[in-house]
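Me: Could you take me through this model, keeping the cut-offs in view as each term comes up?

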Amino acid sequence: MAGGWMLGIASLTGLAATLAVVVGLLIRVSSLSADREFRAMARPANLDDFPLVTIVVPARNEEHNIGSCLESLLALDYPRFEILVVDDHSTDRTAEIVRETIGGRALTKDMRLILCDDDPGGREAAWICGKSHALWRGAQEAKGAWILFVDADTRQKPDTLWRALALARRHDLGALSLTGVSVIPGIWGEVLEAVVYPAIFLAISWRRVNDPDDPAAWMNGQFVLYERAAYFSVDGHHAVSGFASDDTALAIHSKKRHVRLLFLPVTSAYESRDYAGLKETFRGWVRRLAVGGARLRLPRRSYAIEAGALFAVGVWPVLALAAGLMGSFGGRPILGVSFSAWALTQLGIVILVQGISRAMMQKPAWPAVLAPLGAALGIGVVVMGYRVRFVKRSIEYRGRAVAVNDEVD
């Protein structure tokens, strides 16, 4: 009898946790007025008064992405921009593809290839001469009044640039960063990301991130639009060249120096192909959770809370339903409802919320039924993220050993 009541209490607790997560997500989404403003903008009748924008694309072994990235940039609905591709010691056909794109068509926009030909001189120095160094090199060559940093694995939508710049100018911003829609080959990588991203979205206070008086800061390096004078006033990526997570480090560094930043966490301004399958997705989110947690100074307990929430919301209802169906207590009423019915209700809510979340991210809804397995994988990401940050204190990224630390000047 006591065991049945214990399971009943656990089941009700799991359902309460699920409802709390749903309410929390609804509150967070409803508070994102800047995201709604970005999506609702009407195209100006005349873009001629918009300034020249320099688009800097760092590329390291991106032969499978760089061509499509450049095609999407060349198709932007914007009158004045230049594209600078900075090749960061690629060993594949990245530079060759850029040259073919430049020479194989009559371009109406200026596009140049810059080679990072510095001698790295060791693994630690190689990181310092890595992505942050490439971004800094590109910025130094920029002619535009604004600089847009985009990753080579993104495909921008035609209206993204004018929307972003219009929003930045309307709110007198020094920098603006956006999220996009991640496209991952294979179902399991998508299932993991579809669970982990809403968990991170709920865990981080975007109100604090966008509060100029709060030290919390966040950027997504896939899309960072920075006003040129403001960028160089804080020494840009040169100031954070020793940090693995250049985007979040730059956000914290800039905010400390009173640059007005805005981050929009729920947009579909572009597509990204940053991971190829489950293995890369798992490693990528471990790195993000370890390095991002360090930048935001998340305490150790945050990882335990995140893992516990994923278990209570995503894994527990499946275990409870299985136990109820196989055990003699499955039909035992708890507050007038059977134990199995409580578990089934919770599982249904989890799948429904996942379906809605996937629809918001412009992904097929049917993999939502795999959400419990995604939650189990997510727990693994949290555990490994904790281990990388607090035990190993370093991580391998693109063939470079990177230290994980909490300090950003």
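**Contacts, cores and a helix**

Me: Which residues does aspartate 246 touch, not counting residues up to four places away in sequence?
Reply: Contact here means heavy atoms within 4.5 Å, and residues up to four places away in sequence are not counted. On that basis, the residues that aspartate 246 touches are Lys131, Ser132, Leu135, His237 and Val240.

Me: What should be kept in mind about the model and its numbering?
Reply: This is a predicted model, in which local features need pLDDT of at least 70 and side-chain atom pairs count only at pLDDT 80 or more, while totals for chains, interfaces and linings use all residues. Side-chain values use heavy atoms, with hydrogens and water left out, and residues are numbered along each chain, as its sequence is written, from 1.

Me: Is aspartate 246 buried or exposed?
Reply: Aspartate 246 belongs to helix H11, residues 246–256, where helices are DSSP runs of H or I with at least four residues, numbered from the N terminus. Buried means under 20% relative accessible area, exposed over 50% and partly exposed in between, with a 1.4 Å probe and protein chains only. Since aspartate 246 has a relative accessible area of 6%, the residue is buried.

Me: Which helix gives the largest share of the largest nonpolar core?
Reply: A nonpolar core is a set of buried Ala, Val, Leu, Ile, Met, Phe, Trp, Tyr and Cys residues joined through side-chain atoms within 4.5 Å. The largest one has 42 residues, of which Val53, Ile55, Val57 and Ile83 touch the most other members. Its largest share, seven residues, comes from helix H7.

Me: How far apart in space, C-alpha to C-alpha, are alanine 168 and phenylalanine 38?
Reply: Alanine 168 lies in helix H7 and, with 0% relative accessibility, counts as buried. Leaving aside neighbours within four places in sequence, alanine 168 is in contact with Trp146, Leu173 and Leu225. Alanine 168 and phenylalanine 38 are 130 residues apart in sequence, and their C-alpha to C-alpha distance is 9.9 Å.

Me: What is the distance between the end C-alpha atoms of helix H12?
Reply: The expected span of a helix is 1.5 Å times one less than its number of residues, so the 18 residues of H12, 278–295, should span 26 Å. The distance found in the model agrees with this, the end C-alpha atoms being apart by 25 Å.

Me: Is leucine 278 buried or partly exposed?
Reply: Leucine 278 is placed in helix H12, whose buried residues include Trp285, Leu289 and Val291. Because its relative accessible area is 32%, leucine 278 is partly exposed.

Notes
Helix = DSSP H or I, 4+ residues; strand = E, 2+ residues; numbered from the N terminus.
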